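Colleague: I'm new to this one. Can you walk me through it?

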Amino acid sequence: MPLVGTGEIVGAAASARQGCGAFNAIQLEHITAIVDGAAEAEAPVIVQLSQNAVKYHGSLVPVGTAALAAARDAAMPVAVHLDHAESADLVREAVSLGFGSVMFDASKLDYTDNVRVTREVAAYCHDHGVWVEAELGEVGGKDGVHAPGARTDPDEAAEFVASTGVDALAVAVGSSHAMLTRDAALDFELIARLKERVPVPLVLHGSSGVPDDGLAEAVRAGMTKINIATQLNKVFTAAVADDWRAHPDRVDPRKYLGAGRAAVAVEVRRLLGVLKLDQG
């Protein structure tokens, strides 16, 4: 299957009233595990690289090129997405490298400045055929718009989309980034209201903290793109730790990293199944 645009995957999921999985990768093992899991699930998938992951590698080019190459060689449609970019320069670099979509995060700014800079980034990306996600919520707490108590106002969200021209909107509905427990309580009534008012697909960040039934209910209520990062890191780390405990003399990283990669592929396949609702 060729590399596809994120908008193609998200649009198809929205039309089918399904969820689509967007999984964050840190290194090559994550990338190949996400692609393998999607192949096993026979489902399209979005591989995401965050600005923090880019900083870890020191540059977008090595890890971004690897993600694009893996997508082009995949058995199922795979999109490559830049996640939580706060730098317009990084957005332009991703566009130049061949990314089909970016998530531009100006949520730390006040509403007026968020609209202004997001509109500029969206115009640039659309001129280059690139799909754009943005974020809106009530700033506050360590997680900003994704502090557990933060909520996005539906009317403001509709106005934001109209003013910026973005293709999808990440909203604050009760999830929080980097949760190690899966007990976040989402505001499903708010999701439904946002779905009614906002004319573009809705994105759920912080989905690792949401239990399976909550993810499925969020999709039924109106969420489409479901971002998952920490849950994969938990699974990866647990598998590597188990391998080390079972083989304390093992020094070949292909062995223990391979265990982590295999575990992530299984979890990606499972989560894609959770998001593919039975609408019959």
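Modeller: Here is a quick tour, from the overall fold to single residues and one helix pair. Keep in mind that this is a predicted model.

Colleague: How many helices and strands does the protein have?

Modeller: There are 11 helices and eight strands.

Colleague: And what share of the residues counts as buried?

Modeller: Of the 280 residues, 53% are buried. Contacts also reach far along the chain. Take those between residues at least 6 apart in sequence: 71% of them join residues at least 24 apart.

Colleague: Which residue does UniProt list for "active site"?

Modeller: D83, and the annotation comes from an unreviewed entry. D83 sits in strand β3, which covers residues 78-85.

Colleague: Is D83 buried or exposed?

Modeller: Buried. Its relative accessibility is 4%, and the cut-off for buried is under 20%, so D83 falls on the buried side.

Colleague: What does D83 touch?

Modeller: Leaving out residues up to four places away in sequence, D83 touches N24, Q48, L49, S50, Q51, M103, H205 and N227.

Colleague: Which residues carry the "binding site" annotation?

Modeller: UniProt's unreviewed entry gives H84, H177 and H205. H205 is also one of the residues that D83 touches.

Colleague: Where is H205 found?

Modeller: In the loop between β7 (202-204) and α9 (212-221). H205 is buried too, with a relative accessible area of 1%.

Colleague: What about G209?

Modeller: G209 lies in that loop between β7 and α9. Its relative accessibility is 0%, so G209 counts as buried. The C-alpha atoms of G209 and T230 are 8.3 Å apart, while 21 residues separate the two along the chain.

Colleague: On to α9. Which of its residues are buried?

Modeller: G214, L215, A216, A218, V219 and A221.

Colleague: What covers the buried residues of α9?

Modeller: The cover includes α8 (188-197), β7, β8 and α11.

Colleague: What follows α9?

Modeller: G222, with a positive phi near 140°.

Colleague: You mentioned β8. Where does T224 lie?

Modeller: T224 is in strand β8, residues 223-228. It is buried, at a relative accessible area of 3%.

Colleague: And what does T224 touch?

Modeller: Its contacts are V10, A13, A14, Q18, G19, C20, P201 and L202, again not counting residues up to four places away in sequence.

Colleague: Changing topic: helix packing. How do people describe it?

Modeller: For two packed helices, you give the angle between the axes and the distance between the axes.

Colleague: At what angle do α2 and α11 pack?

Modeller: About 40°, with the axes 7 Å apart. Helix α2 covers residues 28-41, and helix α11 covers residues 253-275.

Colleague: Why do α2 and α11 count as oblique?

Modeller: Their angle is about 40°. Angles under 35 degrees would count as roughly parallel, and 65 to 115 as roughly perpendicular. The angle fits neither range, so α2 and α11 are oblique to each other. Their crossing is right-handed.

Colleague: Which residues meet there?

Modeller: From α2 come E29, T32, A33, I34, D36, G37, A38, E40 and A41. From α11 come L257, R261, V264, A265, V268, R269 and L272. The residues of this contact divide into nine nonpolar, two polar and five charged.

Definitions and conventions
Residues are numbered from 1 along each chain as its sequence is written. This is a predicted model: local features need pLDDT of at least 70, side-chain atom pairs count only at pLDDT 80 or more; totals for chains, interfaces and linings use all residues. Side-chain values use heavy atoms; hydrogens and water are left out. UniProt positions are given in the numbering used here, feature names are shortened, and annotations may be inferred rather than shown by experiment. Helices (H or I, at least four residues) and strands (E, at least two) are DSSP runs, numbered from the N terminus. Buried means under 20% relative accessible area, exposed over 50%, partly exposed in between (1.4 Å probe, protein chains only). Contact means heavy atoms within 4.5 Å. Axes are lines fitted to C-alpha atoms, for helices over the stretch in contact, and angles run from 0 to 180 degrees between N-to-C directions. Angles under 35 degrees count as roughly parallel, over 145 as roughly antiparallel, 65 to 115 as roughly perpendicular and the rest as oblique. A crossing is left-handed if the near helix is turned anticlockwise from the far one by less than a right angle, and right-handed if clockwise. Ala, Val, Leu, Ile, Met, Phe, Trp, Tyr, Cys and Pro count as nonpolar, Asp, Glu, Lys and Arg as charged, and the others, Gly among them, as polar.
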